[in-house]
Amino acid sequence: MKKFLILLFFLLISLPQFSDGQLSKLNGIDIWWEEHGNKDNPPVLMIMGLNANSQRWPSELIDGLVQNDFYVLTYDNRDTGKSSWPTEESLVVAFIKLMPNFVHEFVVEGLFDQMFDIEGKFNMTEVPSEYNLNDMALDGLALLDHLEIEKAHIVGASLGGMIGQIIALDHEERAISFTGIMTTPGFDTTGLSGPSKVYIEAMKESFILTLQDKHQEAYEVVNLPLLGSKYDSKEYLLSILKLTEQHGNNSNSGHMTAVGASPNRMNRLNEISIPTLVIHGSEDPLIPLDHGIAIANEIRNSTIYIMEGVGHNFPKEEIPEIIIKLTDHFNQ
């Protein structure tokens with residue numbers, strides 16, 4: 001029995017340690033964050049994407065980085081999860097919600113006519129917003145300050161990759177390396193593709209469901225089309241979406257307006273000199289592959305890993321390879 005208890009003790013202390021997360025006042029707002037692994041290991045700051053909180057990161061990915069001796073930090077961006085939600089439902093939206101369903105459909109059609117240009121790309125000019133991507137980058141850096149971390153490997157997915165670009169460009173001294181996953185230098189970048197027509201229709205349907213306060217359905221409708229054709233990932237994605245919803249999903253998030261209120265980064269990417277890895281799905285319907293290729297082409301000495309048959313998503317089957325790519329990138 002004594003030998004068994006000793007063995008159990010060492011097994012437990014050798015497993016990755018996960019905190020329950022905590023809320024800290026950072027950059028003037030409340031930011032909810034979690035730490036994973038040993039604080040003495042090289043730090044990795046992981047920044048999640050548009051309208052998604054930290055629970056959108058697959059636990060298998062975090063576990064893999066911890067087991068490869070990295071100290072992983074995840075946090076809820078402002079307007080998501082358990083962090084502060086500065087963007088509230090407007091009186092106009094509240095009024096529209098009281099209208100019949102056909103009015104919802106009419107409003108959404110009009111909104112999308114304004115959101116997209118004639119080429120089918122997001123129209124991101126002159127968008128009013130309470131904050132921008134630079135503010136969101138300072139949120140992440142404030143977490144590093146709070147933990148007295150001078151610099152970290154920066155990993156950003158989608159919107160998080162846009163925030164990561166800002167850190168790499170304007171706060172290079174805080175970044176050991178940069179990894180942009182399924183991201184873009186700007187939705188309005190000349191010569192790059194817009195979202196697929198199928199995905200735009202899914203976005204419209206999600207907007208209508210949101211106006212009807214069917215938030216879980218809206219979240220699934222806008223996320224399920226992000227799956228690629230290679231893997232049967234529906235059930236896995238639904239399990240992650242459930243965790244994300246339970247953690248706090250803000251249907252009024254101002255993330256998209258923050259993107260519109262921020263300058264396009266395409267003409268500055270050649271200023272990035274830190275080691276850079278780009279990861280992108282070949283079938284991404286929201287941020288098509290040419291965005292990832294453009295980033296890799298503009299950043300000196302960057303590398304790119306294309307996930308064939310993958311959309312804007314983390315299929316469970318791809319996670320082992322993503323862990324290998326990340327650890328090799330961090331250790332170079």
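How are H8 and H9 oriented to each other? In this predicted model, helix H9 spans residues 234–247 and packs with H8 at an angle of about 135°, the two axes lying 11 Å apart. Angles over 145 degrees count as roughly antiparallel and those from 65 to 115 as roughly perpendicular, with the rest oblique above 35 degrees; H8 and H9 are therefore oblique to each other. The crossing of H8 past H9 is right-handed. On the H8 side, the residues that meet H9 are His215, Gln216, Tyr219, Glu220 and Asn223. Their partners in H9 are Leu237, Leu238, Leu241, Thr244 and Glu245.

H8 also packs with H7, here at an angle of about 175° and with 8 Å between the axes. H7 and H8 are therefore roughly antiparallel to each other. Residues Tyr199, Ala202, Met203, Glu205, Ser206, Leu209 and Thr210 of H7 meet His215, Glu217, Ala218, Val221 and Val222 of H8. His215 of H8 thus appears in the pairing with H7 and also in the pairing with H9.

Helix H7 itself runs over residues 197–211 and has 15 residues. From its first C-alpha to its last, H7 reaches 22 Å, close to the 21 Å expected at 1.5 Å a residue. The buried residues of H7 are Tyr199, Ile200, Ala202, Met203, Lys204, Ser206, Ile208, Leu209, Thr210 and Leu211. The elements that cover them include helix H3 (91–97), helix H4 (101–115) and helix H8 (215–223). After H7 comes Asp213, with a positive phi near 60°.

Met203, buried in H7, also belongs to the largest nonpolar core, which has 55 residues. Met203 is listed there with Leu45, Leu133, Ile163 and Ile167 as the residues with the most contacts inside that core. In soluble globular proteins, nonpolar side chains tend to be buried together. Beyond its neighbours within four places in sequence, Ile163 is in contact with Ile47, Asn77, Leu133, Met136 and Ala137. Another core, of 33 residues, lies apart from the largest one and includes Ala52, Phe70, Ala157 and Tyr236.

Phe70 of this other core is one of the contacts of His153, a residue of strand E5 (residues 152–157). His153 is buried, with a relative accessible area of 4%. With neighbours within four places in sequence left aside, the contacts of His153 are Pro42, Pro43, Val44, Leu45, Phe70, Ile176, Ser177 and Phe330. Lys121 and His153 are separated by 32 residues in sequence and by 31 Å in space, C-alpha to C-alpha.

Phe330, a contact of His153, takes part in the pairing of H12 with H2 as well. Helix H2 covers residues 59–67, and Leu61, Ile62, Gly64, Leu65 and Val66 are buried in it. These buried residues pack against strands E2 (29–36), E3 (43–47) and E4 (71–75) and against helix H12 (319–331). The angle between H2 and H12 is about 40°, and their axes are 10 Å apart. H2 and H12 are therefore oblique to each other, and H2 passes H12 in a right-handed crossing. Glu60, Leu61, Gly64 and Leu65 of H2 meet Ile319, Ile322, Ile323, Leu326, Thr327 and Phe330 of H12. H2 is followed by Asp69, which has a positive phi near 70°.

Most residues other than glycine have a negative phi. Asp79, although not a glycine, has a positive phi of about 75°. Asp79 is located in the loop between E4 and H3 and is buried, with a relative accessible area of 0%. Asn301 likewise has a positive phi, near 60°. Asn301 sits in the loop between helix H11 (289–298) and strand E8 (303–307). In contrast to the buried Asp79, Asn301 is exposed, with a relative accessible area of 75%.

Helix H11 contains Ile293, which counts as partly exposed at 33% relative accessibility. Ile293 and Val278 are 15 residues apart along the chain, and their C-alpha atoms are separated by 8.0 Å.

Key
Residues numbered from 1 in each chain as written. Predicted model: local features only at pLDDT ≥ 70, side-chain atom pairs only at ≥ 80, totals over all residues. Heavy atoms only, no water. Core = buried A, V, L, I, M, F, W, Y, C linked by side-chain atoms within 4.5 Å. Buried < 20%, exposed > 50% of the residue type's maximum accessible area, 1.4 Å probe, protein only. Contact = heavy atoms within 4.5 Å. Helix = DSSP H or I, 4+ residues; strand = E, 2+ residues; numbered from the N terminus. Expected span 1.5 Å × (residues − 1). Axes fitted to C-alpha atoms, helices over the stretch in contact; angles between N-to-C directions. Left-handed = near helix turned anticlockwise from the far one by under 90°.
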